[in-house]
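Student: I would like a close look at a single part of this model. Please take the core and set it in its surroundings.

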Amino acid sequence: MMNREPVKDININSDTKLSDLISQFGEAGGFVASKVSTATSIVKGMISKDCTKFLSFPADIMATGTRGLMKQIVMNDMADVVVTTCGTLDHDIARVLADYYHGDFAMDDALLREEGVNRLGNVLVPDDSYGIPIERWLQPILEELYAQKKHWAPWEIWHEVGLKLLEEERGSESFLGVCASKNIKVFVPGPTDGSVGSQLWLFWQSHKDFTLDIFGEEHQLSDIVHEAKSTGAVMIGGGISKHHTIWWNQFRDGLDYAVQVTTAPEWDGSLSGARVREAVSWGKVQSKAKRITVEGDATVLLPLIYGPLL
């Protein structure tokens with residue numbers, strides 16, 4: 001049946017607040033604009049209910065100023081569980097210790113390589129802002145952790161790393177630091193796929209009894225989803241972080257709330273990049289769930305979605 005609510009025009013003036021604009025998005029339609037309004041409404045519902053809130057995202061946004069928003073989401077109790085990739089650990093540590101810089105998508109990559117600069121989209125990451133400081137900072141910490149015990153669940157290591165980051169001069173900027181201070185577990189299902197993972201491997205070369213309890217970590221996720229009265233997730237992008245989130249939630253018959261922000265098409269057959277409606281067929285999102293897929297750049301859309309709630 002056709003919706004009989006008429007499309008209304010957006011009206012912006014000097015008194016318009018972000019919350020007013022998002023409300024107008026819902027009334028105006030405008031393709032993705034109406035989805036942003038719906039996403040804000042769903043997230044608001046997750047926050048106001050007795051709901052275990054998952055936040056999943058890939059590492060790239062942590063190389064941008066969006067890291068600050070992710071930190072605010074955790075600080076304001078809008079996330080209970082974080083699922084991400086190893087690069088999040090890399091970028092968070094690196095940016096506490098050094099700076100990243102503005103660049104451009106069309107820069108000469110061969111020239112950048114000669115200058116020892118890595119390009120992440122339009123963000124520049126010099127070698128001396130990334131792998132080198134991470135290694136110098138992390139190896140002594142791994143020695144300290146090793147002296148305490150030899151067998152660690154990965155999330156426990158990230159928690160300890162977060163506490164150590166808070167001790168640094170710029171520690172208050174750290175996403176891991178905020179998670180540690182709020183006792184929010186950070187799950188990285190691909191813990192060796194990044195600079196921090198390589199540092200763990202390097203440490204293991206001379207400490208062969210140092211081990212990661214991967215199955216123990218998975219058991220933690222199992223307990224979280226089975227003990228939850230309801231679950232919701234804001235999933236940025238696709239990949240292992242998004243899939244791991246919906247994978248575990250299938251064991252409680254799926255998410256009750258699901259918001260995905262993505263630029264991925266669905267025609268390539270990737271479940272991790274597919275629309276949340278496809279996850280319904282797998283039981284990873286409930287058929288009655290409040291759900292939306294919002295197409296576009298997360299660095300633009302996330303401030304719009306969360307802004308009215310913050």
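Tutor: What follows goes from the core outward to the whole chain.

This is a predicted model, where local features need pLDDT of at least 70, side-chain atom pairs count only at pLDDT 80 or more, and totals for chains, interfaces and linings use all residues. Residues are numbered from 1 along each chain as its sequence is written, and side-chain values use heavy atoms, with hydrogens and water left out.

The largest nonpolar core has 65 residues. A nonpolar core is a set of buried Ala, Val, Leu, Ile, Met, Phe, Trp, Tyr and Cys residues joined through side-chain atoms within 4.5 Å. Buried means under 20% relative accessible area, with a 1.4 Å probe and protein chains only. L55, F57, M70 and Y306 have the most contacts inside this core. Helix α6 gives the most to it, with 7 residues. Helices here are DSSP runs of H or I, at least four residues, and strands are runs of E, at least two, numbered from the N terminus.

Take F57. Leaving out residues up to four places away in sequence, F57 touches M62, M70, V82, V83, T84, T85, T88, F175, I236 and S241. Contact means heavy atoms within 4.5 Å. Apart from the largest core lies another, of 19 residues, with I224, I246, W248 and V276 among them.

Helix α6 (131-148) also helps to cover the buried residues of α9, as do α4 (86-97), α7 (154-166) and β8 (211-212), among others. Those buried residues of α9 (195-205) are S195, V196, G197, Q199, L200 and F203.

Now the whole chain. Buried residues make up 50% of its 310 residues. The chain holds 13 helices and 11 strands.
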